[in-house]
Amino acid sequence: MAASSSGGPSKPQELEARVITAAQDIINRLAQSLQQPNTTCIPNAEHSHERSGGQAQTPKDTVQTEMARSFPGFFTKKRGKNRFSPLQSSALRPKSSKPFSCTNTPSATEELQLSQAGLGKRSLILTDDMSHTMINKMITEEYPKMDGVQGWLLHKSSGGQGRRKLVAIPPDVNGYTGRLIRNVSSAGKTLLYVVPLQQDLDLTPLPSDAAEFQTMPKASCQVCKESMPLHILALHVNNCVKSQSTEEEDETDVQLLSVMNSPSFCREPLDMKQDMKECPICLCCFPVNEIAQHASLCGERPEDTSTHMTDVYVSTDSECSVPSNRTDPLTDLVSEADVLQWLSSQVDTSKDFRICITRNDLVQRGFIQWQRQKKGSPVNKLHVTFIGEAGIDTGALSKEFLTEMMHGIETRLFEGSGKKGKSPVYSISDLENSFYRTAGEVFSVSLAQGGPPPCFLRSWCYQFLATGNFDALQLTKDDVDDTEYRSLIEKVEVADNLTDLTEDIVSCGYTGLVKLDKRDSIIRSIVVHATVRLTPMLQQIRNGMKIYNLLEVIGRHESLCSNLFVPRDENDDTAPDADYIMSILEPELSERGSPRHAKENAIINFFQDFLENLENHQDQDQEEHWNSKHQPPRMSVPAIMQWLTGQRHKPCLPSERANFKIHVRFEHQCKDTMPEHYICYPLVSACTNTIFFPVAHMNSYTEFTEVMTTAVTMGRDFSRV
């Protein structure tokens, strides 16, 4: 009684009783609802009468109400914001079934697929007077898959980055003309897209020897040694490597060191460092302390021991190892062409090493911009833009930049006569600025990406680059290029008294007696001092040549690569001459016997005479170089070739040299299209190695010389697209 009078049951017990009562009530109501017939539309009034108003409700509403009364926190709808948004199923947008959308610019993957199908980017030369028919013909020539396409429109992308919307360019009354395309493309700075209106083009990848890929840069597969364009190599390398790995797996031999007949036999792991002996029966190698036990079982084992093999050990000892079929690719290099081909295959094309530069003070600015690049590195594909010029780099701008940089490095960082090579300039400031390291990187990039080879080094300098050392005792006074030390050597040779030269001699490290009978020792000290002090510059160049593993290549093939760095004594075929340029000309002549054909032949003869006269008057002892945009270049045959193609050297690879041509075309209608003009100059496309001669302004050799001299001197910029 005392307990009941103190306040009744506790609060937890009361809540438990309420929960049990509510659960029983729910079960009863659910049982009543199940007993009702399913066809009843209006529930019985005795079970649906509410206390508040006696309205009829369905069993579902009654259960929901009862649950809300029993568990208000879970079944009562509250006003305000919901903590969790209700789960909704979102409808998926159907994707387009077409291979590419014509409303947006293609992605990087789609651009690669288009390029592999021969439908990638192209650079075309258009003039204002071109009609729609001429442009259609040019597009069909560049894209053979467009042949037979009935109707197309040009599109350009809107501003911004990433995938952008394509906007159709409406044609004029006469269709797409050269003037219209020039205006809508901002003089060639905007990329245009050709979109067929009715047909779907075939996107099957073309073979590596297709005509669309003839002018594209190529690389060799390291497995099958087949040369192909880079974007085709991306498809080829996966299948080639996969097939090669399958063959290697089939040919791999695993050497069994122990095969035991008894499945219960167990022993400790094999120590490969202990002495091994060969079994005379199975010719396998085993430890000395186990060879006797193995020999007792080796002759008695059955022919099929696959079910009894419990312990298999693979030998790693050099005496018992199976010779591998894999070979080092560097050991297969047997010529300069192999070296250059291997270097070109090491270029990483996943990124671009972009250089934006002006022609003013190109070498100095080239060093600075080369070192400042952060988004790419010299191991990537070089892409050059000359600021203020409309040229797009498809290879010619890079080659011209490398040509200018190579000549700038030769004239600024090296000194000497040039006939037997040059040695570095002793410049501490350039050493601190790492310009010599940049020069080494330029050497590697130039050799790997079609630039001129740095064949202006002395043999002892190349020996140091290849091995990291050179024999100073084998040097002579002719190996000294520094004017100060050469002058000192000459003074020592002719001096009757060396007293006045004592201080200069001692500063070269000579510690003997300064006498006339020690003249040879003094000269030897000067020679060693003048050359050894240049080793920091050569070491920095050596560090820069680690790109593409060039340092390892010349270290293992020193004699093979010497012609790429050291001037040849004779038969130097790297510099172009008049005969070479005339041999690679491919003129597009008119019908034989016509007046136009006669004029075209006369212009070709003028061009040959022009080159031969330049060759005869060229000073062989001085290097011509274009120092700045406002300083005209010296006229020479290599300068003419650089003006035509962007490079002043012959292609180094035999495959490139065989396909290297200069296309010559003739313009006969300039006075018809522009009646008021009085002079025209040749138009050059260095990207396609094409020159257009204005026939009407080259009626004599004198006119030809004046027009060509002005064009070469003033027309260095890539001002047209």
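Throughout this tour, two residues are in contact when they have heavy atoms within 4.5 Å of each other. The model is predicted, and for that reason local features need pLDDT of at least 70 and side-chain atom pairs count only at pLDDT 80 or more, whereas totals for chains, interfaces and linings use all residues. Residues are numbered from 1 along each chain as its sequence is written, and side-chain values use heavy atoms, with hydrogens and water left out.

**The whole chain**

Start with the protein chain in full, which has 26 helices and 15 strands; these are DSSP runs numbered from the N terminus, with helices being H or I of at least four residues and strands being E of at least two. Of the 721 residues in the chain, 39% are buried, where buried means under 20% relative accessible area, exposed means over 50%, and partly exposed is what lies in between (1.4 Å probe, protein chains only). The accessible surface comes to about 42900 Å², and 50% of that belongs to carbon and sulfur atoms; such areas come from the Shrake-Rupley method with a 1.4 Å probe, and for residues only the protein chains shown count as cover. Among the contacts with a separation of 6 or more, 68% are between residues 24 or more positions apart.

**Strand 14 and the loop before it**

Select Ser685, which lies in strand 14 (residues 683-685). Is Ser685 buried or exposed? Ser685 is buried, because its relative accessible area is 9%. Leaving aside residues up to four places away in sequence, Ser685 touches Ile125, Leu644 and Thr690.

Step back to Tyr681, in the loop between helix 25 (670-673) and strand 14. Tyr681 has 43% relative accessibility and therefore counts as partly exposed. Together with Tyr678 and Ile679, Tyr681 makes a nonpolar surface patch of about 370 Å². Patches are made of residues with over 30% relative accessible area and no salt bridge, like charges being joined within 9 Å and nonpolar side chains (Val, Leu, Ile, Met, Phe, Trp, Tyr) within 5 Å.

Next select Ser700, in the loop between strand 15 (690-694) and helix 26 (701-714). Ser700 is partly exposed, with a relative accessible area of 28%. Show Ile603 as well: the C-alpha atoms of Ser700 and Ile603 are separated by 8.5 Å, although these residues are 97 residues apart along the chain.

**Helices 10, 11 and 14**

Display helix 10 (residues 336-345), where Val339, Leu340, Gln341, Trp342, Leu343 and Ser344 are buried. The buried residues of helix 10 pack against strand 4 (218-220), strand 5 (227-229), helix 14 and helix 20 (550-556).

Keep helix 14 (residues 435-448) in view and add helix 11 (residues 362-372), whose axis comes within 10 Å of the axis of helix 14 and crosses it at roughly 85 degrees. Helix 11 is therefore roughly perpendicular to helix 14. Axes are lines fitted to C-alpha atoms, for helices over the stretch in contact, and angles run from 0 to 180 degrees between N-to-C directions; under 35 degrees counts as roughly parallel, over 145 as roughly antiparallel, 65 to 115 as roughly perpendicular and the rest as oblique. Gln364, Phe367, Trp370 and Gln371 in helix 11 meet Phe435, Thr438, Ala439, Glu441, Val442 and Val445 in helix 14.

**Salt bridges**

Stay on Glu441, whose side chain meets that of Arg437 in a salt bridge (3.8 Å, N to O); a salt bridge is a side-chain nitrogen of Lys or Arg within 4 Å of a carboxyl oxygen of Asp or Glu. Arg437 and Glu441 are four residues apart in helix 14, so about one helical turn separates them. Arg437 is partly exposed at 35% relative accessibility, whereas Glu441 is buried at 14%.

How many salt bridges are there by this rule? The count comes to twelve.

Select Lys422, which forms a salt bridge with Glu410, the closest N and O atoms being 3.3 Å apart. Lys422 sits in the loop between strand 10 (414-415) and strand 11 (423-424), and Glu410 in helix 12 (residues 396-412), twelve residues apart. Lys422 is buried at 9% relative accessible area, and Glu410 is buried at 10%.

Move along helix 12 to Arg412, which forms a salt bridge with Asp430, with 3.1 Å between the closest N and O atoms. Because Asp430 lies in helix 13 (residues 428-432) and Arg412 in helix 12, the pair ties together parts that are 18 residues apart in sequence. Asp430 is buried at 7% relative accessible area, while Arg412 is partly exposed at 30%.

Finish at Arg458, Asp479 and Asp481, which are linked in a network of salt bridges.
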